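Dear colleague,

Please find below the structure that I am handing over to you. My notes on it follow directly after.

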Amino acid sequence: MHTSRSADHPLCRRSHPLYPETRLTENPLHATLDLTGHTVLVVDDVMYRGHSMLRAVEYLARRQPDEIRTVVLVDRGATKLPVRSDIVGVRLDVAPPDVIECNVPPYEAGFRIDLLQPD
């Protein structure tokens, strides 16, 4: 499943990627961040239902950047919200209970995408 490595992101912290109650916690150092005149790129490892991406884009939109683009390494094809990614590395249509885990340097030694199936 998703590891806590994304929790160290300097702008926002994600509580859990799989649930609608996903919340972002703002880093106080970025509370007055002005993105006017900038293009922002939001990168996520796996797009499950779209809750995390939606929360991140909503947060950034309040900072009024000129443009927000989104990228996901893996799209599960199960998005429940009106969220899409501008760039998708790979789309994997897998069973709902299956978990896709992305290992990405520098957090792990090498790049790898694993499909974890519950017993």
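Arg63 counts as buried, because its relative accessibility is 15%, under the 20% that sets the limit for that class. This value, like every other in this message, is computed from a predicted model. The side chain of Arg63 meets that of Glu26 in a salt bridge, with 2.3 Å from N to O. The two partners come from distant parts of the chain: Arg63 sits in the loop between α1 and β4, Glu26 belongs to strand β2, and their positions lie 37 residues apart. Glu26 has a relative accessible area of 31% and is therefore partly exposed. The salt bridge thus joins a buried arginine to a partly exposed glutamate.

Beside Arg63 in the sequence is Gln64, which is also found in the loop between α1 (51-61) and β4 (67-75). Is Gln64 buried or exposed? Its relative accessibility is 55%, so Gln64 counts as exposed. The backbone at this position deserves a look, as Gln64 has a positive phi of about 55° although it is not a glycine.

Gln64 also leads to another loop. Gly37 is located between β2 (24-26) and β3 (39-47), and beyond its neighbours within four places in sequence it is in contact with Gln64 and Asp66. The C-alpha atoms of Gly37 and Glu67 are 8.4 Å apart, although 30 residues separate the two along the chain. Gly37 itself counts as exposed, because its relative accessibility reaches 51%, just past the 50% limit.

Turning to the other charged pairs, the count of salt bridges in the model comes to 6. As a general point, side chains of opposite charge can pair when their charged atoms come close. One of the pairs is Glu67 with Arg69, where the closest N and O atoms are 2.6 Å apart. Glu67, at 30% relative accessibility, counts as partly exposed, and Arg69, with a relative accessible area of 37%, is partly exposed as well. Which residues make up the network of salt bridges that includes Glu67? Glu67, Arg69, Arg84 and Asp86 are linked in it. A further salt bridge is formed by Asp93 and Arg91, with 3.1 Å between the closest N and O atoms. Asp93 counts as exposed, since its relative accessibility is 58%.

The next point concerns strand β6. Why can β6 be described as largely enclosed by the rest of the structure? The reason is that 5 of the 5 residues of this strand (residues 99-103) are buried. The cover extends to both faces: Val99, Glu101 and Asn103 are buried on one side, and Ile100 and Cys102 are buried on the other.

Strand β6 is joined to strand β7 (residues 112-116) by 5 bridges, and the two run antiparallel. Within this pairing, Asn103 stands opposite Arg112 of β7. The side chain of Arg112 also takes part in a polar contact of 2.8 Å with the side chain of Asp114. Asp114 lies in strand β7 too. Setting aside its neighbours within four places in sequence, Asp114 is in contact with Val99, Ile100, Glu101 and Asn103. Those four residues are among the buried positions of β6 described above.

The loop between β6 and β7 holds Pro106. This residue is joined to Pro105 by a cis peptide bond, with omega at about 10°. You may wish to inspect this bond in the model, together with the positive phi of Gln64.

Finally, some overall figures. The secondary structure consists of 1 helix and 7 strands, which follow one another along the sequence in the pattern β-β-β-α-β-β-β-β. Of the 119 residues in the protein, buried residues make up 34%. Among contacts with a separation of 6 or more, 51% are between residues 24 or more positions apart. The accessible surface of the protein comes to about 7400 Å², and carbon and sulfur atoms account for 55% of it.

With kind regards

Key: Residues are numbered from 1 along each chain as its sequence is written. This is a predicted model: local features need pLDDT of at least 70, side-chain atom pairs count only at pLDDT 80 or more; totals for chains, interfaces and linings use all residues. Side-chain values use heavy atoms; hydrogens and water are left out. Buried means under 20% relative accessible area, exposed over 50%, partly exposed in between (1.4 Å probe, protein chains only). Two strands pair if DSSP finds at least two bridges between them. Contact means heavy atoms within 4.5 Å. Accessible areas come from the Shrake-Rupley method with a 1.4 Å probe; for residues, only the protein chains shown count as cover. A salt bridge is a side-chain nitrogen of Lys or Arg within 4 Å of a carboxyl oxygen of Asp or Glu. A polar contact is a pair of N or O atoms within 3.5 Å; within protein, one must be able to donate a hydrogen and the other to accept it, and residues adjacent in sequence count only if both atoms are side-chain atoms.
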